[in-house]
Amino acid sequence: QSNGDGLGEDSMVLLELTDNMFDYTNMEIAYRYYDSTVHRVLNLFPSNGPANGNTTVTVHGRDFLMSPNLKCRFGEAIRSAFSAMNDDVDNVVEATYIDSETIRCVTPLTPHNGLTSVYLSFNGVDYFTTSAARFTFDAPLQISSITPNIGAVNGGTNVVIVGGNFRFTGSVKCRFGLKVVAATFISGNSVSCNSPPKEGGPGVVDVSVSLNGIDYNNANSDE
C-alpha cells in the first residue's frame, strides 16, 4: 500500500513478541516492508573527489525512500585501522533525502585512492548498489609551482601549474580568486589554464586546481 508519506509503495504490519509461542504482546509496534526491487541509482555527481573527503555527492535515481536511517556507504562493509579509535565504520555516512529521485551525502575521509562502489541503505542495515553507483577517490593534489606567476589584468595569460596527482577527468578546472576557468590536462604532473580578467585592478589572488570542478587545492600566486 502507498502511505503518502514519502515512503513510497510499501506494506506495514504490526510486530509483537512472545516467549512461549502462544502469548503475544499487544504493544502494536509497526514494522514496514518496502519493495527492494524498484530502487535504482542512475548516476552520481560528482563522480570523483579527494581522498580527504568532504565532497558533497548528489545521488540521482528513482523510488528513493525517506527514512531517518538513510545512509551512504563508500566501499565494502569493512572496518580499517583508520577507524579503530571509535565505534563508527569510517566508510558509512549519513545521507539526506531530497526527494524520491535525489539523495545527498558527504564523502568520508579514506586512506585509499581509486574507484569504489557506493551503496545506499534505507534502514542502516541493508545496503544496495548498481553499476552506475561508482565513485573515484583522488589522491590529494600537489602544487609546487605556477609559470608564469604574473600576468596582465585583462587576462589571457597561459599559466602552467606543476605538481602531482593530476589526472584527466573531463572536469579539471582552475580557479583564480573566485573566477573559475577550464583547464587543460597535460600530464600527471601538470595542467594549464588561461587566466581570467581581474576586476578591481592589479593585485594578488590564490590559484586553485580541481579535478571535479567542486573541490579545489590552493597554491599562492602573484597572478
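How many disulfides does the structure hold? It holds two. A disulfide here is a pair of cysteine sulfur atoms within 2.5 Å. The model is predicted: local features need pLDDT of at least 70, side-chain atom pairs count only at pLDDT 80 or more, and totals for chains, interfaces and linings use all residues. Residues are numbered from 1 along each chain as its sequence is written, and side-chain values use heavy atoms, with hydrogens and water left out.

**View 1. The disulfide of C72 and C105.**
The sulfur atoms of C72 and C105 are 2.4 Å apart. The torsion about their S-S bond is about -90°, so this disulfide is left-handed. C72 sits in strand β6 and C105 in strand β8, with the two positions 33 residues apart in sequence terms; the pair links distant parts of the chain. Strands (E, at least two residues) and helices (H or I, at least four) are DSSP runs, numbered from the N terminus. Both C72 and C105 are buried. Buried means under 20% relative accessible area, exposed over 50%, and partly exposed in between (1.4 Å probe, protein chains only).

**View 2. The disulfide of C174 and C193.**
Here the sulfur atoms of C174 and C193 lie 2.3 Å apart. The angle about the S-S bond is -95°, and the link is left-handed. C174 belongs to strand β14 (residues 173-176) and C193 to strand β16 (residues 190-194), so the bond ties together parts 19 residues apart in sequence. C174 counts as buried because its relative accessibility is 0%. C193 has a relative accessible area of 2% and is buried. With the bonded cysteines of the protein chain numbered in sequence order, the pairing is 1-2, 3-4.

**View 3. The largest nonpolar core.**
This core has 21 residues. A nonpolar core is a set of buried Ala, Val, Leu, Ile, Met, Phe, Trp, Tyr and Cys residues joined through side-chain atoms within 4.5 Å. V41, V59, F74 and L120 have the most contacts inside it. The elements giving two or more residues to this core are β3 (40-45), β5 (56-62), β6 (71-74), β7 (92-99), β8 (102-106), β9 (114-121) and β11 (134-138). Another core lies apart from it, with 16 residues. Among the residues of that other core are F166, V191, C193 and L211.

**View 4. F74 and its aromatic partners.**
Which residues join F74 in one aromatic cluster? They are F135 and F137. F74 is buried at 5% relative accessibility. Leaving out residues up to four places away in sequence, F74 touches N91, V93, C105, V106, T107, P108, T116, S117, V118, F135 and F137. Contact means heavy atoms within 4.5 Å.

A search of the whole structure finds five aromatic pairs. The ring centres of F74 and F135 are 5.7 Å apart and their planes stand at 80°, so this pair is edge-to-face. Rings of Phe, Tyr and Trp (its six-membered ring) pair if their centres lie within 6.5 Å; planes under 30 degrees apart count as stacked, over 60 as edge-to-face and the rest as tilted. F74 in strand β6 and F135 in strand β11 are 61 residues apart, so to speak distant parts of the chain, linked by this pair. F135 counts as buried, at 0% relative accessibility.

**View 5. The aromatic pair of F168 and F185.**F168 and F185 are also edge-to-face, at 6.4 Å centre to centre and 65° between the planes. F168 lies in the loop between β13 (158-164) and β14, and F185 in strand β15 (residues 179-187), so the pair ties together parts 17 residues apart in sequence. F168 counts as exposed, at 61% relative accessibility. F185 is partly exposed, with a relative accessible area of 30%.

**View 6. R73 over two rings.**
R73 lies over the face of Y119, at 4.2 Å from the ring centre. R73 also lies over the face of Y127, where the distance to the ring centre is 4.5 Å. A charge sits over a ring if NZ of Lys or CZ of Arg is within 6 Å of the ring centre and within 35 degrees of the ring normal.

**View 7. N212 in its loop.**
N212 is found in the loop between β17 (206-210) and β18 (217-220). Is N212 buried or exposed? N212 counts as buried, at 5% relative accessibility. Its side chain reaches the backbone nitrogen of I214 at 2.8 Å. The side chain of N212 also makes a polar contact with the side chain of D215 (2.8 Å). A polar contact is a pair of N or O atoms within 3.5 Å; within protein, one must be able to donate a hydrogen and the other to accept it, and residues adjacent in sequence count only if both atoms are side-chain atoms. Not counting residues up to four places away in sequence, N212 touches P46, N48, G49, P50, T55 and S171.
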